Amino acid sequence: MAEKVTLSVIKADVGSVAGHSCPHPSMIAKAKELLDGGVKSKIINDFQISRSGDDMEFIMTHNSGENAKEVHELAWNAFIAAADEAKRLKLYAAGQDLLTDAFSGNVRGQGPGAAEVEFEERKAESVVVFMADKCGPSAYSLPICRTFMDPFTTTGLVIDPRAHQGYDFEVVDVIDHKRVVMSAPAEMYDLLTLLGDTTRYAVKRVIHKELGIAAVISTEKLNITAGKYVGKDDPVMVVRCQSGFPALGEVLQPFAFPALVAGWMRGSHYGAWFPCASEESTPTFYDGPPRVVCIGFQVSNGKIQGIEPPNSAPGKHVPVDMFSGKEWDYVRNKAMEICLYIRGHGPFMPAIVSPDELEYTTRPSVLKKLEPRMEPL
Ligand code: F6R
Ligand code: MG
Ligand code: MG
């Protein structure tokens, strides 16, 4: 049997130039030194570093399975190196997502988010990685449902015999740390009963009974992990495409609807999800809008195969940037229209999230101050 390969996407926000906007190139260079070392010492086979807004994403291939200590430790050390550089440059929120002083075997629960999938490489393994900024893991629920449940999005569910059997969904309760596996289409309405509550439920994995894991999402809730507000989760999602899994286009199409997602300014507003290229992901409008970047590549013989950018050094290759095209301008314009509309509500709901979901609040102190003046009606 062929050796299995693991794709690990581990991400964190460890500092930015000018508010929570963009990591400095020298932070990325420091992280790259560490990951280069990881390839030399054979901890990982290959890697790419990408970014979405103020988050850095390490996309790595290796043969050690999910939650491999040495891979997580490598990523942790690379984030530490980038955070040290951010501190040296006195950047904003340097080291923000690194919640503990020492690595303890796995990045989960220590601040960074991780989406990992182990598989036997198919004849041609097409993969996309989504990288969100300024929103939480439930943001992916709507597009995931459209791609893997909805035949009006994914015609493949109707006409491709391999996709016709449907998918299993691992749903997590991010507050109470529970999970349940449910099947679509059989349990579709029950699934939507949970997933419609984006304050509590998120999809962790989508699984095809024969082909294995189709999608995996980082579902760590940073504010719960830390016990206080320390930043947005800004989740990543890995999706395997084609040959029985949804076609690339069936995975991308749901993002043409700029759904309202929670996050944006101070992690406390609803904004329309704005698909854009990695290079365009700096949050320049009201600390947002919440963005989603998508990059695609092949996993080939355990390595990441992208395209050669024009005028680049021989051998250099980068993933394909899926939302960079002009066809997405229409969606971006629509997203901005929605963002301006909802911002018109200022600090009123539904522009802001519910009181329990606010990541900053003055409510307890204001209520306390007013207590002596509160009279029964
Ligand atoms: C949202 C985000 C920003 C900050 C805002 C205030 O995820 O990162 O919108 O919440 O810029 O940041 P502080 O409290 O650091 O001044
Ligand atoms: Mg971010
Ligand atoms: Mg941030």
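## Two magnesium ions

Start with a pattern: along the chain, the donors of the magnesium ion (ligand 2) are spaced D-D-x77-D-x100-D. Those protein donors are Asp54 (OD), Asp55 (OD), Asp133 (OD) and Asp234 (OD), and they lie 2.0 to 2.1 Å from the ion. A donor here is an N, O or S atom within 2.8 Å of the metal (3.2 Å for Na, K and Ca), and since water is not among the atoms, sites may look incomplete. Asp54 sits in the loop between β2 and β3, while Asp234 sits in the loop between α6 (222-226) and β10 (236-241), so this pair ties together parts that are 180 residues apart in sequence. Helices (H or I, at least four residues) and strands (E, at least two) are DSSP runs, numbered from the N terminus.

Now for the other ion. The magnesium ion (ligand 3) has Asp13 (OD) and Asp54 (OD) as its protein donors, at 2.1 to 2.3 Å. Asp13 belongs to the loop between β1 (4-12) and α1 (25-40), and Asp54 to the loop between β2 (46-52) and β3 (55-62), which puts these two 41 residues apart. Asp54 bridges the two magnesium ions, ligand 2 and ligand 3, which lie 3.2 Å apart. Are these donors buried or exposed? Asp13 is buried at 3% relative accessible area, and Asp54 is buried at 3% too. Buried means under 20% relative accessible area, exposed means over 50%, and partly exposed is in between (1.4 Å probe, protein chains only).

## How to read this model

This is a predicted model, where local features need pLDDT of at least 70 and side-chain atom pairs count only at pLDDT 80 or more, while totals for chains, interfaces and linings use all residues. Residues are numbered from 1 along each chain as its sequence is written, chains are lettered from A and ligands numbered from 1 in the order in which they are written, and side-chain values use heavy atoms, with hydrogens and water left out.

## Around ligand 1

Which residues are closest to ligand 1? They are His20, Tyr92, Arg266, Asp287 and Tyr360, out of 11 residues that surround ligand 1 (each with a heavy atom within 4 Å of it).

Some of them come with polar distances to look up. An oxygen atom of ligand 1 is 2.6 Å from a polar side-chain atom of Asp287, and for His20 a polar side-chain atom lies 3.0 Å from a ligand oxygen. Arg266 uses a polar backbone atom instead, 2.9 Å from an oxygen atom of ligand 1. For a polar contact, the cut-off is a pair of N or O atoms within 3.5 Å; within protein, one must be able to donate a hydrogen and the other to accept it, and residues adjacent in sequence count only if both atoms are side-chain atoms.

## Helix α8 has two faces

Helix α8 covers residues 329-343. At 1.5 Å a residue, its 15 residues should span 21 Å, and the end C-alpha atoms are indeed 21 Å apart. (The expected span is 1.5 Å times one less than the number of residues.)

Which residues of α8 are buried? They are Val331, Arg332, Ala335, Cys339 and Ile342. Looking down the axis of α8, these buried residues fall within an arc of 95°, so they line one face of the helix; the arc is that of the directions from the helix axis to the C-beta atoms. Why can that happen? An α-helix has 3.6 residues a turn, so residues three or four places apart point the same way. The face turned away from the buried side of α8 carries the exposed residues Tyr330, Asn333, Glu337, Leu340 and Tyr341. The cover over the buried residues includes β11 (260-263), β12 (269-272) and β13 (274-275).

## Inside strand β5

Strand β5 (residues 125-133) holds Met131, which is buried with a relative accessible area of 0%. Among the residues that Met131 touches are Ser50, Glu57, Tyr140 and Val293 (contact means heavy atoms within 4.5 Å, and residues up to four places away in sequence are not counted). Met131 and Glu57 are 74 residues apart in sequence, but 7.8 Å apart in space, C-alpha to C-alpha.

Glu125 lies in β5 as well, and is buried at 1%. Its side chain makes a polar contact of 3.0 Å with the side chain of Arg122.

## Unusual backbone spots

Two cis peptide bonds are worth finding. Gly288 and Pro289 are joined by one, with omega about -5°, and Met349 and Pro350 by another, with omega about 5°. Pro350 is in the loop between α8 and α9.

Asn67 has a phi near 60°, a positive value in a residue other than glycine, and is partly exposed at 34%. Ser243 also has a positive phi, about 50°, and is partly exposed at 41%.
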